[in-house]
Each structure stands twice: as C-alpha cells, then as structure tokens.
Amino acid sequence: MIKLNNKLYSKLSYQVSFGDYQVKQNGKKRSGKAPYITFILDDFELELELVYDKKWIKELKINDKKDISKYVTDIIYNDSKGWISLIYGTYQCFLERIDNEFYLLDFYCNTIDDEEEFSIVLNEKINFILNYEEK
C-alpha cells in the first residue's frame, strides 16, 4: 500500500535488484551489495536506493524491526513528467522481518519540490529473494 498526498494505492508491484556500493558512514568505509527497490503503480514509480547491506537483511531475525533511515541514499519519484529526487525532505524508513521469506517495509516521506508537495506513506510486504546464488 502506498498513500501519496491522500490518494491510496493498494494495487502495485515491485522489483528488487541488488547493486554494489561503497560508502563512508560515521568515519568508516564499507562496501557490499544493497537493494534498489522500485514500486510500480499505474501513474508513477517510487524508487528507494539503499546502502543497507544484503547480509544485514539476511541476518535480521523474525519480528526484529530496524530503523534503516540513515541507509537511504535516494528516493526517486518518476511519472509521465519525468523524475525527481525526494531525498531532501524528511523521511523515515523501517524494515521488519515477518517470516523466513518476507519483510515489511514502512516508509514515510514529506517534501516539497518545485512547489509540488509530496506526502508519501508506504507499507508493503517485500520478498528480497535472498537465497539465490550469485554468479
């Protein structure tokens, strides 16, 4: 479920891909693989780019909820007019493992871009498909 500016969207699909990252956070360099999640709706797409490592996702215990807000590196809104980055607003992102396969992603964002206001609430069950072997 995604709520954008008071309009509720319950029918959506998503894609998860993993990409390499290198980052310096809190004075420490780290690298690995992290998810890029695209939520696809009829009118728009919402994309979340993270540097929350794939191994941390795998290690998350059932019913364990983590605030992963500091690992969000970009929030992209894409529609027929083009794309914009919403990273400069206020946002929170939480990830909770709900069983062996699925995680609950809770995301909240409020921002203004070119005088257009964005209020986003996302609450979606995600399968990261973490058990495949990478080549």
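Here a biologist and a modeller talk through a predicted model and ask what its labels rest on.

Biologist: Let's start with the sheet. What makes β2 and β6 edge strands?

Modeller: The open sheet has six strands in the order β2-β1-β11-β10-β9-β6, with antiparallel pairing. β2 (7-9) and β6 (65-67) each have a single partner strand, so one side of each is left without a neighbour in the sheet. From one strand to the next, the twist averages 10 degrees.

Biologist: How do you know that β1 and β2 pair?

Modeller: Pairing takes at least two bridges. β1 and β2 have three bridges, in the antiparallel sense, so they pass that cut-off. As for one of the partners, I2 is bridged to Y9 in β2.

Biologist: And what makes β3 and β4 a pair?

Modeller: The same cut-off of at least two bridges applies, and β3 and β4 share 13, again antiparallel. F18, for example, has P35 in β4 as its bridge partner. The two strands form a hairpin with two residues between them, and N26 in the turn has a positive phi of about 50 degrees.

Biologist: Which residues touch the most other members of the largest nonpolar core?

Modeller: That core has 37 residues, and I2, F39, I75, L95, L105 and F128 touch the most other members. Among the elements that give it two or more residues are β1 (2-4), β5 (44-50) and β7 (72-79). Leaving out residues up to four places away in sequence, I2 touches F39, L46 and V121, among others.

Biologist: Now the charges. Why is the D43 and K7 pair called a salt bridge?

Modeller: The rule asks for a Lys or Arg side-chain nitrogen within 4 Å of an Asp or Glu carboxyl oxygen. For D43 and K7 the closest N and O atoms are 4.0 Å apart, so the pair is counted under that rule. D43 sits in the loop between β4 and β5 and K7 in strand β2, 36 residues apart.

Biologist: How many salt bridges are there by this rule?

Modeller: Four. One of them joins K66 and D64, at 3.8 Å from N to O. Another joins D106 and K65, with the closest N and O atoms 3.7 Å apart. D106 lies in strand β10 and K65 in strand β6, so that pair ties together parts that are 41 residues apart in sequence.

Biologist: Why is D106 called buried, while K65 is called partly exposed?

Modeller: Buried means under 20% relative accessible area, and partly exposed runs from there up to 50%. D106 has 6%, so it counts as buried. K65 has 44%, so it counts as partly exposed. D64 at 24% is partly exposed too, and so is K66 at 34%.

Biologist: What makes Y52 and Y71 an edge-to-face pair?

Modeller: Two numbers. Ring centres must lie within 6.5 Å, and planes over 60 degrees apart count as edge-to-face. For Y52 and Y71 the values are 5.1 Å centre to centre and 65 degrees between the planes, so both conditions are met. Y52 is in the loop between β5 and α1 (54-59) and Y71 in the loop between β6 and β7, 19 residues apart.

Biologist: How do you know that Y52 and Y71 are buried?

Modeller: The cut-off is under 20%. Y52 has 7% relative accessibility and Y71 has 13%, so both count as buried.

Biologist: How many aromatic pairs does the structure hold?

Modeller: Nine. Ring pairs also link Y9, F44, Y77 and F118 into a cluster.

Definitions and conventions
Residues are numbered from 1 along each chain as its sequence is written. This is a predicted model: local features need pLDDT of at least 70, side-chain atom pairs count only at pLDDT 80 or more; totals for chains, interfaces and linings use all residues. Side-chain values use heavy atoms; hydrogens and water are left out. A nonpolar core is a set of buried Ala, Val, Leu, Ile, Met, Phe, Trp, Tyr and Cys residues joined through side-chain atoms within 4.5 Å. Buried means under 20% relative accessible area, exposed over 50%, partly exposed in between (1.4 Å probe, protein chains only). Helices (H or I, at least four residues) and strands (E, at least two) are DSSP runs, numbered from the N terminus. Contact means heavy atoms within 4.5 Å. Axes are lines fitted to C-alpha atoms, for helices over the stretch in contact, and angles run from 0 to 180 degrees between N-to-C directions. Rings of Phe, Tyr and Trp (its six-membered ring) pair if their centres lie within 6.5 Å; planes under 30 degrees apart count as stacked, over 60 as edge-to-face and the rest as tilted.
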